[in-house]
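Good morning, everyone, and thank you for making time for this. I would like to walk you through one model, going slowly from the overall picture to some single residues.

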Amino acid sequence: MSEHSKIEWTDHTFNPWIGCTKVGPGCDHCYAETLSKARLGVQWGPGVDRRRAAQSTWKQPRRWNYRAAKLGIRERVFCASLADVFDNAVPDEWRADLFQLVRETPHLDWLLLTKRIGNVLKMSGASAQLPDNVWLGATVVNQAEFDRDAAKLCDLKAAGVAERTFLSIEPMLGPIELHHHVLFQRCPNWFDEDGYPPCIQRDCGAQECCTHCDFTGIGNELGIDWIIVGGESGPHARPMHPDWARSLRDQCEGAGVPFLFKQWGEWAPAPHPEAVIAVRPERRDFMDSEGWENAMIRIGKRAAGRLLDGTQHDGMPS
């Protein structure tokens, strides 16, 4: 647990329980698994019981909430950095206890980040609605995962399951195209009660529309409110090509989506070819048409920093 988190996009971290199972390529070098085993003795994987945190840990958010209320501010809580709230191996009663704690701490914004976005609806309680102070996030690391999960996240917001949604693209393992039909909610007037787009003449397909979406079927309300991007850290970290991050930055700017660049990770753009050749010559696969400009060098997370083209990006939903 962390009273003051070092993670750039939250104020605190809270783990109601510990343990998880790897479900995709982003999990390959999971820091949480390594930390849980080495420091806490918690084993990961399918069929392994999760460990519920001590009662003293469960009391921490109440203290944070009291302080936030007293100061007249809101603070963000990342839940859970060493687990997944929507993990199939977690007892439903534990989740119910967590959601009750969230409701009882209204001065905190709870960031629930999951790799199992398909489980959210069935695990969000009898009301099929998460507490109002929940920001629901999905982790995706490449185009395939974005195409699979981002629309599910957007649909959960449209259905009223969560009021705020975000994507964590970390570690970023490939380029991602943010399709507008996913980023934005569907136009509420696009379908008639019969499930078809509104038509003047059904036989020829001539359509009528309120001009809310100009016949695109895409509304103007964001389905995803925030995007976080970062490279991988740790001893086996994979590099993130600078153009992948630049493209997401530009796409977010064009769509009006707040963009936060968390870190480069272990690898950063090399300042000159000699540095790359001297340290890791095998990284030449990152050369592009501009030569060495986008080549990468392993210099460590702290030295790599979090500036993208000289700018720190700390976009946050208002």
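I will begin with the chain as a whole, then turn to the sheet, the aromatic rings, the cysteines and some backbone details.

Please keep in mind throughout that what you see is a predicted model. The chain has 318 residues, of which 51% count as buried, and its secondary structure consists of nine helices and 17 strands. If we take the contacts between residues at least 6 apart in sequence, we find that 77% of them join residues at least 24 apart.

Let us look at the sheet. It is an open sheet of seven strands with parallel pairing, and reading across it the order is β1-β4-β5-β6-β7-β12-β13. The strands at the edges are β1 and β13, and because each of them has a single partner strand, one side of each is left without a neighbour in the sheet. At the β13 edge, four bridges connect this strand with β12, the two running parallel, and there you can find Ile228 standing opposite Leu260 of β13.

At the other edge, β1, which covers residues 12-13, pairs with β4 in the parallel sense over two bridges, and the residue of β4 that serves as bridge partner of His12 is Val77. On to β5, residues 108-114, which runs parallel to β4 and is joined to it by five bridges; here Arg76 is found opposite Asp109 of β5. Between these two strands we also meet a helix, since β4, helix α3 (residues 92-103) and β5 together make a right-handed β-α-β unit.

Now, why can we call β4 largely enclosed by the rest of the structure? The reason is that five of the five residues in this strand, residues 75-79, are buried. You can see this on both of its faces, because the strand's side chains divide in two directions while remaining enclosed: Glu75, Val77 and Cys79 point one way, Arg76 and Phe78 point the other way, and all are buried.

Phe78 brings us to the aromatic rings, because this residue belongs to one aromatic cluster together with Trp9, Trp135, Phe166 and Trp226. Searching the whole structure for aromatic pairs gives nine. In one of them, Trp135 and Trp226 have ring centres 5.7 Å apart and planes at 85°, so this pair is edge-to-face. Trp135 sits in strand β6, whereas Trp226 sits in the loop between β11 and β12, so the pair ties together parts that are 91 residues apart in sequence. Both partners are enclosed, as Trp135 counts as buried at 8% relative accessibility and Trp226 counts as buried at 0%. A further edge-to-face pair is formed by Phe261 and Trp264, with 5.1 Å from centre to centre and 75° between the planes, and these two residues are buried as well. A ring can also have a charged neighbour: Arg52 lies over the face of Trp58, 4.2 Å from the ring centre.

What about the cysteines? A disulfide is a covalent bond between the sulfur atoms of two cysteines, and this structure holds zero of them. For Cys27 we can say why, because the closest cysteine sulfur, that of Cys30, is 6.2 Å away, which is too far for a bond. Cys27 counts as buried at 5% relative accessibility, and Cys154 likewise counts as buried, at 4%.

Finally, some backbone details. Most residues other than glycine have a negative phi, and most peptide bonds are trans, so it is worth pausing where the model departs from this. Which peptide bond just after β4 deserves a second look? The bond from Cys79 to Ala80 is cis, with omega near 10°, and Ala80 lies in the loop between β4 and α3. Another cis peptide bond joins Glu170 and Pro171, with omega about -5°, and Pro171 is placed in the loop between β7 and α6.

As for phi, Ala128 has a positive value near 50° although it is a residue other than glycine; it lies in the loop between α4 and β6, and at 30% relative accessibility Ala128 counts as partly exposed. Asp309 also has a positive phi, of about 55°, and you will find it in the loop between β16 and β17, where Asp309 is partly exposed with a relative accessible area of 44%.

Key:
Residues are numbered from 1 along each chain as its sequence is written. This is a predicted model: local features need pLDDT of at least 70, side-chain atom pairs count only at pLDDT 80 or more; totals for chains, interfaces and linings use all residues. Side-chain values use heavy atoms; hydrogens and water are left out. Buried means under 20% relative accessible area, exposed over 50%, partly exposed in between (1.4 Å probe, protein chains only). Two strands pair if DSSP finds at least two bridges between them. A crossover is right-handed if, with the strands pointing away from the viewer, the path from the first strand over the helix to the second runs clockwise. A disulfide is a pair of cysteine sulfur atoms within 2.5 Å. Rings of Phe, Tyr and Trp (its six-membered ring) pair if their centres lie within 6.5 Å; planes under 30 degrees apart count as stacked, over 60 as edge-to-face and the rest as tilted. A charge sits over a ring if NZ of Lys or CZ of Arg is within 6 Å of the ring centre and within 35 degrees of the ring normal. Contact means heavy atoms within 4.5 Å.
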